[in-house]
Amino acid sequence: MRIKENFDGQVVSLVLILNVLIFLLWTFPFPHQKNFMEKNFLVSWEALLAGRVWTLTTSTFSHFNFLHLFLNLYVFLSFGSVMEIFLGSRRFLFFFLGSGIFSSLSHCLVSLLLLDRKSTRLNSSHITISYA
């Protein structure tokens, strides 16, 4: 496999920063922000039916607690940096977003069809697993 010459780590850095910022928004919410975060950063079948399709992606940046954030970012940094080197920033970004959308859709379909429930989900762990 050939290493891409245009590696600059932009995607890995951007994802790390977004994860930390969104974690801080969940942890230290402003008044009325919790409702905003729940509507826009948790994926569910209801959210999709309501037209909030962006939750397929935004849920990938949400974490339940600090340990969840730390472990996901540790694994992401380990694998994501290597993958961005080999794929290049643009292809890696598409891989990252595609993995998030796929795992979010999978969650929604499994919850609806197999579990007969309409649960919401923080999605970041499944993206990290897709790198392995």
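The following paragraphs go through a predicted model of one chain, from its overall make-up to single residues. Local features are taken where pLDDT is at least 70 and side-chain atom pairs where it is 80 or more, while totals for chains, interfaces and linings use all residues. Residues are numbered from 1 along each chain as its sequence is written, and side-chain values use heavy atoms, with hydrogens and water left out.

The chain has seven helices and zero strands. Helices (H or I, at least four residues) and strands (E, at least two) are DSSP runs, numbered from the N terminus. Read from the N terminus on, the order of elements is α-α-α-α-α-α-α. The chain has 132 residues, of which 39% count as buried. Here buried means under 20% relative accessible area, exposed means over 50%, and partly exposed is in between (1.4 Å probe, protein chains only). About 8100 Å² of the chain is exposed, and carbon and sulfur atoms supply 72% of that area. Accessible areas come from the Shrake-Rupley method with a 1.4 Å probe; for residues, only the protein chains shown count as cover. Among contacts between residues at least 6 apart in sequence, 70% join residues at least 24 apart, where contact means heavy atoms within 4.5 Å.

The interior comes next. The largest nonpolar core has 12 residues: Val-11, Val-12, Val-15, Ile-22, Met-37, Phe-41, Phe-61, Phe-76, Met-83, Leu-87, Phe-92 and Phe-96. H1, H2, H5 and helix H6 (89–114) each give at least two residues to this core, and H1 gives the largest share, four residues. A nonpolar core is a set of buried Ala, Val, Leu, Ile, Met, Phe, Trp, Tyr and Cys residues joined through side-chain atoms within 4.5 Å.

Two members of the core show what surrounds it. Val-12 is found in helix H1 and is buried, with a relative accessible area of 5%. Apart from neighbours within four places in sequence, Val-12 is in contact with Phe-76, Leu-77, Gly-80, Ser-81, Glu-84 and Phe-92. Val-12 and Phe-79 are 67 residues apart in sequence, and their C-alpha atoms are 9.8 Å apart in space. Ile-22, with neighbours within four places again left aside, is in contact with Met-37, Phe-41, Phe-61 and Ser-62.

Leu-69 is a further buried residue, with a relative accessible area of 5%, and lies in helix H5. Beyond residues up to four places away in sequence, Leu-69 touches Asn-19, Phe-23 and His-63. Leu-69 and Leu-16 are 53 residues apart along the chain, with 9.8 Å between their C-alpha atoms.

Helix H5 (residues 66–87) also holds Phe-70 and Tyr-74, four residues apart, about one turn of the helix. The structure has seven aromatic pairs. One of them is formed by Phe-70 and Tyr-74, which are stacked at 6.4 Å centre to centre with 20 degrees between the planes. Rings of Phe, Tyr and Trp (its six-membered ring) pair if their centres lie within 6.5 Å; planes under 30 degrees apart count as stacked, over 60 as edge-to-face and the rest as tilted. Phe-70 is partly exposed at 46% relative accessibility, whereas Tyr-74 is exposed at 54%. Ring pairs join Phe-23, Phe-66, Phe-70 and Tyr-74 into a cluster.

On the surface, Ile-17, Val-20, Leu-21, Leu-24 and Phe-28 form a nonpolar patch with about 460 Å² of accessible area together. Patches are made of residues with over 30% relative accessible area and no salt bridge: like charges are joined within 9 Å, nonpolar side chains (Val, Leu, Ile, Met, Phe, Trp, Tyr) within 5 Å. Leu-21 of this patch has its place in helix H1 (residues 10–27) and is partly exposed, with a relative accessible area of 47%.

After H1, the loop leading to H2 contains His-32. His-32 is not a glycine, yet has a positive phi of about 70 degrees. At 76% relative accessibility, His-32 counts as exposed.

Side chains of opposite charge can pair when their charged atoms come close. A salt bridge is a side-chain nitrogen of Lys or Arg within 4 Å of a carboxyl oxygen of Asp or Glu, and by this rule the count is one. This salt bridge joins the side chains of Lys-34 and Glu-38, at 3.7 Å from N to O. Both residues lie in helix H2 (residues 33–41), and because they are four residues apart, about one helical turn separates them. Lys-34 is exposed at 52% relative accessibility, and Glu-38 is partly exposed at 34%.
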